[in-house]
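The following exercises ask you to read an interface, a strand and a backbone angle from a model. Work through each task before turning to its solution.

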6 protein chains.
Amino acid sequence: MTDDHGEPSGRLTHVDEHGKAHMVDVTGKAPTRRVAQARCRVCTSGEIAPFLASTQGGIGLIEEARYAGIMAAKRTSMLIPLCHSIRIDGIDVAIELEEHAFLVTAVAAITERTGVEMEALTACAASALVLLQPVLEVDPRASIEELTLWHKSGGRSGVWQRSDSKTMRGGTANPNRE
Amino acid sequence: MTDDHGEPSGRLTHVDEHGKAHMVDVTGKAPTRRVAQARCRVCTSGEIAPFLASTQGGIGLIEEARYAGIMAAKRTSMLIPLCHSIRIDGIDVAIELEEHAFLVTAVAAITERTGVEMEALTACAASALVLLQPVLEVDPRASIEELTLWHKSGGRSGVWQRSDSKTMRGGTANPNRE
Amino acid sequence: MTDDHGEPSGRLTHVDEHGKAHMVDVTGKAPTRRVAQARCRVCTSGEIAPFLASTQGGIGLIEEARYAGIMAAKRTSMLIPLCHSIRIDGIDVAIELEEHAFLVTAVAAITERTGVEMEALTACAASALVLLQPVLEVDPRASIEELTLWHKSGGRSGVWQRSDSKTMRGGTANPNRE
Amino acid sequence: MTDDHGEPSGRLTHVDEHGKAHMVDVTGKAPTRRVAQARCRVCTSGEIAPFLASTQGGIGLIEEARYAGIMAAKRTSMLIPLCHSIRIDGIDVAIELEEHAFLVTAVAAITERTGVEMEALTACAASALVLLQPVLEVDPRASIEELTLWHKSGGRSGVWQRSDSKTMRGGTANPNRE
Amino acid sequence: MTDDHGEPSGRLTHVDEHGKAHMVDVTGKAPTRRVAQARCRVCTSGEIAPFLASTQGGIGLIEEARYAGIMAAKRTSMLIPLCHSIRIDGIDVAIELEEHAFLVTAVAAITERTGVEMEALTACAASALVLLQPVLEVDPRASIEELTLWHKSGGRSGVWQRSDSKTMRGGTANPNRE
Amino acid sequence: MTDDHGEPSGRLTHVDEHGKAHMVDVTGKAPTRRVAQARCRVCTSGEIAPFLASTQGGIGLIEEARYAGIMAAKRTSMLIPLCHSIRIDGIDVAIELEEHAFLVTAVAAITERTGVEMEALTACAASALVLLQPVLEVDPRASIEELTLWHKSGGRSGVWQRSDSKTMRGGTANPNRE
């Protein structure tokens, strides 16, 4: 179990003994099933439901955002220099409507020697950017908020679950869903 | 000047008369200089300066994040399905250290028929994901916050400047810098 | 007007004087507006409407295919070695249901020194492959048929319109639509 | 053996219980050797042999098409949103000349948890597009026909072989070749 | 004319006033025709002609290397972080056989606000890597030598021509060829 | 042990029985740990240390080159047509300053059915191109030299070590480092 103390300590695994960042060599590790869930919100001062209703492309927008997230997850290693190229076993992106926000949830699963957190976070970020684009036409102050890890399992650190959240408590999405 | 009212209205330019999303045809528009600035924070409950000091790769991390942002901006149209492929004239990403956050600012400039907002936002998102990765090793609750447009100029809507911000007031970065 | 005689003649523009294929140098040409429309069918012995109705993901499938086509058009130069990298001004993909087929139509427009035919054809091919994938689960004999250019305008050769088609006559899509 | 009845039935594996398309989670499956062969024709009203003879780049064109197919197979997951990223063990593209057509055959092999049909089909499509490009200069009515699966083995459904074909009977390529 | 003195001086254009590398903003510059030629050798202790003759794929190898170079030139901005995405007007790669080496020459032309040197050099590097791969099977000591700029024209600095070369004098390729 | 005789012999593994190059089918091979080290120099007539000191971006340049090399290694199969897509377990790029050159060393490790030499060489080439770009501003005659394999282990041929080098003897980098 990874501590959830928020205190930096020890040496990061992606820095070598000379202080140079490099891509961690995972050769010795055994491939195991790992799952990560990430989330974020696309927030606007306007109301989401009428916004979507006013555009016949509303359903298309949700689908566009989901596909963009799935495809971005597959190219995470092209976006994050020190991320390993991994084969994602499964990836899903769900988008829920709230009064003033889209809630984006991405779940990614792998059977690899390294974690899948960055893939889930990258999927969320890409989906959120797709949703943000048309919202900016009517609300240039709209923003992406609390892009964060929500749940992970597998690997050395076992299961970790975000215990609470300032803005996300009471959400309807099931964090245990994979 | 684009209204900053946050109210959805009218028809979105990327939806055609049948309600199908498509890539807007910008043929008729004249190429003009456009600039957009976007920002976000990578927030942790730990302290940023000791975190970086404890890792000799700290400077490398900042550079890695900056390059990842610059490269992500160049592939925005591969991440956002309906974004046009554009030639970015210039892109810069700056990362400032705050007590509990990295403040990421990206400025992108083009001479094109379409805006550059998504490129600046995508650069911020990618840089923030790079910074978030090592922070998650010590604080899995770390998050990316307020990824938002800060300034834009050029195109039909002229200059728009975010007038204030809950979390970003008093920032030291100069929004006029290009 | 390009002749429609189907007889090879003269020297191809992408072959140099020594018979080596290379990427044609278009430096001298002036950028002009060019539009191309391409089409194909994804054919199955089963019935399309019940197939889609039996899957709640049917609407999503259509959207997935459209976005895949749009994104593939933007990376045509990465797929076709001798194609120029161009900025597509607009791209649209429409998918119509027939009794035993999906009819895919892609229209692409540019303001460049070279044609946009390959981008429209590549969009059709990618959309058709996305549609074909789930159909293969129930009909492994399903196929993509008559992937072909339907209309083009702009450039030295002016307007060209496919005058008839064995399988596509009477189609409901408007070839003049851009 | 997969049924070859062409009748939709059951629920597609890439649609979840809520009808949302997602990338199928293949975690539970064991990696096995799978092979798929796909084919298509690039058809023109002109004659292929004189067409190639009239261009010294003819041999280069065949090679260009083969390499484009091989490279496209490796990026199938970037073109088809719900395709898994897989490591292709081997891929080969053969191009045969017929009187009025190029016959393109692609064979792909993997040792993975998911099939390789889309990779073989994508290789065929990309090779065919490369061949089509110069043919369009002399015959804008040229088309890609019968892009279809020809043979597959491995996975749950075992060996499947296309039993006949309207246009491809008597072909010289050996469908058993891997 | 750019000086050819080999002495570092002044401030590099891709470093801003705070010493941070960024992508140079080329907004103010007018697009002009620019051409660059680069070269390198793939050297082996074995003899090239028998090496190619012993493999029926020899001609294919030359074509593979040429296409790889052309395609790499188009993605230079994805490989070199601070390179601008540009539309290459034309690119050609020629490969000549010497007794113990392949001589690779790439010429790239653009009409842009920035130079095309890196595209020509990247094309050479990719072609050379393709040629090196099979040579390594028989001579693991083979190497790529003198990858260097040979000629450039256009832009502020006008025409520059490499005046001589330790290893490349007397070469048969025409540096004026574009 | 691979012979180091520099004499072509036998048939290359990437050429099939008909002399057509294809992507070698590695299905039968067992995944094993393989490591490759490659090197090159970026040579200039100027002095490297003052060159870097004259630019505050000097440290950034080294980091940019290292990240570009790491990212290029991950996309080797997109640059070299017949290379397999592989998951790199670890990749590191080190850059040392010499009086008139940057010495670039890349080490890549995999657990796969095929070698990792091309990935190490591609990383070197990309890092060297990044370093070359600013040097060309002051010395257009600068060049990349002796891009070559230095060490490899794993696979059928076991350990191979370059025994000496015209230009690289006495280097400070440790060829055994992984």
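**Exercise 1.** In this predicted model, which side chains meet in a salt bridge at 3.3 Å, N to O? Place that pair within the contact between chain D and chain F, taking the extent of the contact, its polar pairs and the make-up of the side that belongs to chain D.

*Solution.*

Step 1. The salt bridge joins the side chains of D:R33 and F:D25, with 3.3 Å from N to O, a value that satisfies the cut-off of 4 Å. The count between chain D and chain F is two salt bridges, and nine residue pairs across this interface are in polar contact, with both residues of each pair at pLDDT 80 or more.

Step 2. On the side of chain D that touches chain F, the elements giving two or more residues are α2 (58-74), β2 (88-97) and β3 (101-112) of chain D. Of these, α2(D) provides the largest share, seven residues. Sorted by class, this side has nine charged, seven nonpolar and two polar residues.

Step 3. For the extent, 18 residues of chain D are in contact with 22 residues of chain F, and the area buried between the two chains is about 1,700 Å², with carbon and sulfur atoms giving 50% of it. D:K74, D:R87 and D:D89 together supply 38% of the area that chain D buries against chain F, which is more than any other three residues supply.

**Exercise 2.** With which strands of chain E does β1(E) pair in the antiparallel sense? Describe also how far β1(E) is covered.

*Solution.*

Step 1. Strand β1 of chain E spans residues 32-43, and nine of its twelve residues are buried, so that the strand is mostly covered.

Step 2. One antiparallel partner is β3(E), residues 101-112, joined to β1(E) over twelve bridges; within this pairing, E:R34 stands opposite E:I110.

Step 3. β4(E), residues 143-153, also pairs with β1(E) in the antiparallel sense, over eight bridges, and here E:R39 has E:T148 as its bridge partner.

**Exercise 3.** What is the sign of phi at E:E146, and is this residue buried or exposed? Treat A:E146 in the same way.

*Solution.*

Step 1. As background, most residues other than glycine have a negative phi.

Step 2. E:E146, found in strand β4 of chain E, is not a glycine, yet its phi is positive, near 45 degrees. Because its relative accessibility is 3%, E:E146 counts as buried.

Step 3. A:E146, likewise not a glycine, has a positive phi of about 45 degrees and lies in strand β4 (residues 143-153) of chain A. Its relative accessibility is 3%, and A:E146 therefore counts as buried.

Notes. Residues are numbered from 1 along each chain as its sequence is written. Chains are lettered from A and ligands numbered from 1 in the order in which they are written. This is a predicted model: local features need pLDDT of at least 70, side-chain atom pairs count only at pLDDT 80 or more; totals for chains, interfaces and linings use all residues. Side-chain values use heavy atoms; hydrogens and water are left out. Contact means heavy atoms within 4.5 Å. Buried area is the accessible area (1.4 Å probe) that two parts lose on being put together, summed over both. A polar contact is a pair of N or O atoms within 3.5 Å; within protein, one must be able to donate a hydrogen and the other to accept it, and residues adjacent in sequence count only if both atoms are side-chain atoms. Helices (H or I, at least four residues) and strands (E, at least two) are DSSP runs, numbered from the N terminus. Ala, Val, Leu, Ile, Met, Phe, Trp, Tyr, Cys and Pro count as nonpolar, Asp, Glu, Lys and Arg as charged, and the others, Gly among them, as polar. Buried means under 20% relative accessible area, exposed over 50%, partly exposed in between (1.4 Å probe, protein chains only). Two strands pair if DSSP finds at least two bridges between them.
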